[in-house]
Amino acid sequence: MINNVVIMGRLTKEPEERKTSTGKTVCSFCVAVDDSFDKQKTHFLDIIAWNKTAEFICKYFNKG
């Protein structure tokens with residue numbers, strides 16, 4: 001079984017796309033997520049996506 005996580009937030013900078021030495025696409029970005037219990041807190045999550053998901057994110061997602 002595969003675990004799924006849904007994260008809703010704002011990108012803190014443009015997604016960064018690169019290729020590995022084997023040709024796989026990697027996309028890294030950071031998401032700012034407001035805490036639902038404490039409105040004064042914001043969590044910053046570093047995310048790494050691979051392959052087709054990475055290509056989709058780099059093509060359609062922007063900062064903000």
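Leu-45 touches Ile-7, Phe-29, Cys-30, Val-31 and Val-33, leaving aside residues up to four places away in sequence. The model is predicted. Leu-45 sits in strand β4, which covers residues 42-50. Its C-alpha atom is 9.5 Å from that of Gly-9, and 36 residues separate the two along the chain.

Is Leu-45 buried, exposed or partly exposed? Leu-45 counts as partly exposed because its relative accessibility is 33%, and buried would mean under 20%.

**The surface patch**

Leu-45 belongs to a nonpolar patch on the surface, along with Val-5 and Ile-7. Together these residues have about 260 Å² of accessible area. Ile-7 lies in the segment before β1 (10-11). With a relative accessibility of 40%, Ile-7 is also classed as partly exposed.

**The core**

Val-33 links several of these names. Val-33 touches Ile-7 and Leu-45 from the patch, and its contacts also include Met-8, Gly-9, Thr-42 and His-43, again not counting residues up to four places away in sequence.

Val-33 is also part of the largest nonpolar core. That core has eight residues: Leu-11, Cys-27, Phe-29, Val-31, Val-33, Ala-49, Ala-54 and Ile-57. Strand β3 (25-34) and helix α1 (51-60) each supply at least two of them. Which element gives the most? Strand β3 does, with four residues. Two core members, Phe-29 and Val-31, are among the residues that Leu-45 touches.

**Salt bridges**

The structure holds three salt bridges. The table gives the N to O distance for each.

| Basic residue | Acidic residue | N to O distance |
|---|---|---|
| Arg-10 | Asp-34 | 3.5 Å |
| Arg-18 | Glu-16 | 3.9 Å |
| Lys-52 | Glu-55 | 4.0 Å |

What does the bridge between Arg-10 and Asp-34 tie together? Arg-10 lies in strand β1 and Asp-34 in strand β3, so this pair joins parts that are 24 residues apart in sequence. Arg-10 is partly exposed at 38% relative accessibility. Asp-34 is partly exposed at 46%.

The bridge between Glu-55 and Lys-52 falls within helix α1. The two residues are three apart, about one turn of the helix. Lys-52 is exposed, with a relative accessible area of 65%. Glu-55 is partly exposed, at 32%.

That leaves Arg-18 and Glu-16. Arg-18 has a relative accessible area of 38% and is partly exposed. Glu-16 is partly exposed too, at 42%.

Key. Residues are numbered from 1 along each chain as its sequence is written. This is a predicted model: local features need pLDDT of at least 70, side-chain atom pairs count only at pLDDT 80 or more; totals for chains, interfaces and linings use all residues. Side-chain values use heavy atoms; hydrogens and water are left out. A nonpolar core is a set of buried Ala, Val, Leu, Ile, Met, Phe, Trp, Tyr and Cys residues joined through side-chain atoms within 4.5 Å. Buried means under 20% relative accessible area, exposed over 50%, partly exposed in between (1.4 Å probe, protein chains only). Contact means heavy atoms within 4.5 Å. Patches are made of residues with over 30% relative accessible area and no salt bridge: like charges are joined within 9 Å, nonpolar side chains (Val, Leu, Ile, Met, Phe, Trp, Tyr) within 5 Å. Accessible areas come from the Shrake-Rupley method with a 1.4 Å probe; for residues, only the protein chains shown count as cover. A salt bridge is a side-chain nitrogen of Lys or Arg within 4 Å of a carboxyl oxygen of Asp or Glu.
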